[in-house]
Amino acid sequence: MSNPNNNGPYNYTYIFKYIIIGDMGVGKSCLLHQFTEKKFMADCPHTIGVEFGTRIIEVSGQKIKLQIWDTAGQERFRAVTRSYYRGAAGALMVYDITRRSTYNHLSSWLTDARSLTHPNTVIYLIGNKGDLEAQRDVSYEEAKQFADENGLLFLETSAKTGQNVEEAFLETAKKIYQNILDGSLDLNAAETGVQPKQPLPKPAQNDAKPSDSQCSC
Ligand SMILES: Nc1nc2c(ncn2[C@@H]2O[C@H](COP(=O)(O)OP(=O)(O)O)[C@@H](O)[C@H]2O)c(=O)[nH]1
Ligand SMILES: [Mg+2]
């Protein structure tokens with residue numbers, strides 16, 4: 001009762017680490033911003049290094065802190081480092097429904113994600129910019145088939161209108177939580193991306209900085 005950790009923002013059971021991957025310009029930073037701030041950042045400047053945002057959510061009555069890492073810049077060179085992928089419980093793999101090239105690169109993003117994360121990492125495919133229907137270059141059905149063939153969850157979102165943004169982040173957490181409950185995610189294994197409640201770890205890299213209160217683009 002007197003433990004301050006039982007109250008307010010500290011009252012959560014787990015921390016889940018997420019990463020957001022995908023080509024530059026698909027809307028990764030805007031998705032993160034929409035999820036953490038519930039706002040669309042139309043003119044978000046590009047950022048340097050890796051940043052993260054956090055939000056506490058509830059899954060089956062359990063409060064879970066999501067710690068969401070956003071690449072900035074490196075994706076242009078396909079050189080997102082191993083340390084970025086390490087310990088990710090969830091990976092949001094984003095393409096832009098109006099730019100087919102960003103969809104064509106998915107298999108290589110998926111190869112990286114599969115080879116550099118824990119086997120139980122939940123990978124969620126996100127077709128972003130769903131509000132730009134007139135400029136659509138990749139059909140829902142085609143992407144859904146790719147997702148099904150590769151065992152991925154899939155949604156189309158809009159970081160601009162907020163459509164399906166909550167759902168994508170929350171469904172990823174539900175799936176991770178399900179994996180904990182059914183024992184397929186062993187919390188004693190290394191680098192699962194799930195931690196029991198403890199203070200937020202410091203960023204592992206020199207160029208990483210927290211961005212809770214700032215634009216994280
Ligand atoms: N219309 C529309 N534009 C978006 C959406 N998400 C991002 N954008 C725009 O796409 C550009 C790239 O977004 P950004 O989040 O920086 O992409 P990132 O490089 O993947 O982080 C910016 O100009 C955003 O305003 C969306 O859902 N709809
Ligand atoms: Mg960005």
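## Overall picture

A residue is called buried here when its relative accessible area is under 20%, and exposed when that value is over 50%. By that yardstick, buried residues account for 48% of the 217 residues in the chain. Please keep in mind that you are looking at a predicted model.

The chain holds 6 helices and 8 strands. Reading from the N terminus, these elements follow one another as β-α-β-β-α-β-α-α-β-α-β-α-β-β.

## Around ligand 1

Let us start with the ligand. Ligand 1 has 18 residues around it, and those that come nearest are Gly-25, Lys-28, Cys-30, Asp-131 and Ala-159. Sorted by class, this shell contains 7 nonpolar, 5 polar and 6 charged residues. Helix H1, which spans residues 28-37, supplies the largest share of the shell with 3 residues.

Several polar contacts can be picked out. Gly-25 takes part through its backbone, where a polar atom is 2.7 Å from an oxygen atom of ligand 1. Asp-131 uses its side chain instead: one of its polar atoms lies 2.7 Å from a nitrogen atom of the ligand. The side chain of Ser-158 also places a polar atom 3.5 Å from an oxygen atom of ligand 1. Taken alone, the ligand would expose 580 Å², and the protein buries 84% of that area.

## Helix H1 and what follows it

Helix H1 deserves a second look, as it gives the ligand shell its largest share. In H1, 8 of the 10 residues are buried, so the helix is largely enclosed by the rest of the structure. The buried residues are Lys-28, Ser-29, Cys-30, Leu-31, Leu-32, His-33, Gln-34 and Phe-35. Two of these names, Lys-28 and Cys-30, also appear among the residues that come nearest to ligand 1.

Phe-35 has a charged partner as well: the charged end of Arg-55 sits over its ring, 4.2 Å from the ring centre. What comes after H1? The helix is followed by Lys-38, whose phi is positive, near 55°.

## Two loop residues with positive phi

Lys-38 is a residue other than glycine, yet its phi has that positive value. Its place is in the loop between H1 and strand E2, residues 49-59. Is Lys-38 buried or exposed? Its relative accessibility is 56%, and because the cut-off for exposed is over 50%, Lys-38 counts as exposed.

Ser-60 is another residue that is not a glycine but has a positive phi, in this case about 50°. Ser-60 is found in the loop between E2 and E3. With a relative accessibility of 64%, Ser-60 counts as exposed.

## Aromatic pairs and charges over rings

A search of the whole structure finds 9 aromatic pairs. One of them joins Tyr-84 and Tyr-85 in an edge-to-face arrangement, with 6.0 Å from centre to centre and 85° between the planes. Which side of the burial cut-off do these residues fall on? Tyr-84 has a relative accessibility of 3% and so counts as buried, and Tyr-85, at 0%, is buried too.

Elsewhere, Tyr-14, Phe-16 and Tyr-177 form one aromatic cluster. Trp-69 has a charge over its ring: Lys-17 lies over the face of this residue, at 5.5 Å from the ring centre.

## Contacts across the sequence

Some positions far apart in numbering can be compared in space. Ala-72 belongs to strand E3, residues 62-72, and at 10% relative accessibility it counts as buried. The C-alpha atoms of Ala-72 and Met-24 are separated by 8.2 Å, although these residues are 48 residues apart along the chain.

His-105 offers a second example. Where does His-105 lie? This residue lies in the loop between helix H3 (100-104) and helix H4 (106-116). At 35% relative accessibility, His-105 counts as partly exposed. Its C-alpha atom is separated by 7.6 Å from that of Asp-23, and the two are 82 residues apart along the chain.

Definitions and conventions:
Residues numbered from 1 in each chain as written. Chains lettered and ligands numbered in written order. Predicted model: local features only at pLDDT ≥ 70, side-chain atom pairs only at ≥ 80, totals over all residues. Heavy atoms only, no water. Near = heavy atom within 4 Å. Polar contact = N/O pair within 3.5 Å; in protein donor to acceptor, adjacent residues only side chain to side chain. Areas by Shrake-Rupley, 256 points an atom, 1.4 Å probe, with all protein chains shown as cover. Helix = DSSP H or I, 4+ residues; strand = E, 2+ residues; numbered from the N terminus. Nonpolar A, V, L, I, M, F, W, Y, C, P; charged D, E, K, R; others polar. Phe/Tyr/Trp six-rings, centres within 6.5 Å; stacked < 30°, edge-to-face > 60°. Buried < 20%, exposed > 50% of the residue type's maximum accessible area, 1.4 Å probe, protein only. Lys NZ or Arg CZ within 6 Å of the ring centre and 35° of its normal.
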